[in-house]
Amino acid sequence: MANLWNVWKVGVDHNGYIDPDSYVKCWSTALTRAAFLLNRNHEAFAGLRLSVGNDVLLSDVTPLVDGELFTLEYSEVVRKRLDEQAIATDFFYGSLSLEPNQTQNILRFGLRKAFLDYSYEGFCPPMRFGGQEYFDERKYVEEDHFLEDCAVNYILRNIWHNYAHRRLQNINDGNYWLFAGGARHESDFHADLISSIMLVSSYGIPALCSLPKSEVANDRIIELFRMNKCNQLFVLRAQQRPGSGSTDGTHWRFRRSLANYISGYLISKNLTPTSLSLHLTDEQKIACQINGRYFFSKNKAPLTGGSKVRYEYAREVASSISNEFRGNLNDDANFYNWSSSSLRELKKVLLIK
Ligand SMILES: [Zn+2]
């Protein structure tokens, strides 16, 4: 960590919310939480709670760790003549691997300078789908380290996105460029959904697919997803890349944001799917695939609408699709059994069961 900090801190401007030193600590906190989730089945960690805050978790875990629980390596691009565009495109995502030894799984994470820079610069108080702040000012005053907790939450979800590519999809930092175009979109929809499932699990909340008596959403899950909306790094990165302002780039970001909103909505209602993707029809309406079934929106997507319009559209679509999906689960016992058992099996592959 000392090296990482020493190399990176030189020349970094304070982003206005978290100082660079604390931001580096957020990475190590996120990796501790991630590594702990993947080690829960090891005897040494039995009884530890993920539901506690970051400070408590760190003090609980530290005495139990035998050697390393995770490693964080930092790399800069050393090749010459790479412009900002090439760095934002090809030298951005980190690497991740999980190495078992006798007592614990060690999580190894390689972080690129470009990702660290953009994610630090892009950090901001959590904002809604369309742009308004999620939490009022009291939250920042009343809860110590709330912004750091948001940063940890964001980093964690990014770690889990990488984990999904690596563990489920056979995609890593050495071959991802082979899977461009539609394959990239498909793999990212799935990795986003998996990262949401892993995110709530990281805080001790199981993602479920069940038909409870009550349809009330889980407030803690909603809060975790809201806290996650605290970074503009992909907007910053898009500014450096060609084609990102094109219709395709705009449509893709809209589809991805809305898919994430819908998956968070479903998870908060205990309707966690194992597959979700979202498409724009020729009429610019939504066709959303959930567990292999397709759900449709009546209204056109506000692709160029203002923030309020986009947020209201997201809410309306998520609510109606969630009701329809729940109806499908209710009406078809085989579909329900398959949906809940495939989620159980998925968790085994992800090592969180
Ligand atoms: Zn990805």
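## Ala 35 and its surroundings

Ala 35 lies in helix α2 (residues 20-38), where helices (H or I, at least four residues) and strands (E, at least two) are DSSP runs numbered from the N terminus. This is a predicted model, in which local features need pLDDT of at least 70 and side-chain atom pairs count only at pLDDT 80 or more, while totals for chains, interfaces and linings use all residues. Residues are numbered from 1 along each chain as its sequence is written.

Ala 35 counts as buried because it has 24 C-beta neighbours inside 10 Å; the cut-off for buried is 20 or more other C-beta atoms within 10 Å, with C-beta atoms placed from the backbone. Leaving aside neighbours within four places in sequence, Ala 35 is in contact with Leu 69, Phe 70 and Leu 107, contact being C-beta atoms, placed from the backbone, that lie within 7 Å.

## The three-stranded sheet

An open sheet of 3 strands follows the order β1-β3-β2 with mixed pairing, two strands being paired if DSSP finds at least two bridges between them. Because β1 (70-75) and β2 (95-100) stand at the edges with a single partner strand each, one side of each is left without a neighbour in the sheet. From one strand to the next, the twist averages 15 degrees, with axes fitted as lines to C-alpha atoms, for helices over the stretch in contact, and angles running from 0 to 180 degrees between N-to-C directions.

Strand β3 (residues 105-112) pairs with β1 in the parallel sense over 6 bridges, and helix α7 (residues 146-169) lies across β2 and β3, running at about 70 degrees to β2.

## The β5-β6 hairpin

Strands β5 (residues 286-290) and β6 (residues 293-296) pair in the antiparallel sense over 4 bridges, and Cys 288 has Phe 295 in β6 as its bridge partner. This hairpin has 2 residues between the strands, and Asn 291 takes a positive phi near 50 degrees.

Note on methods:
Two residues are in contact if their C-beta atoms, placed from the backbone, lie within 7 Å. A residue is buried if 20 or more other C-beta atoms lie within 10 Å of its own, exposed if 12 or fewer, and partly exposed in between; C-beta atoms are placed from the backbone.
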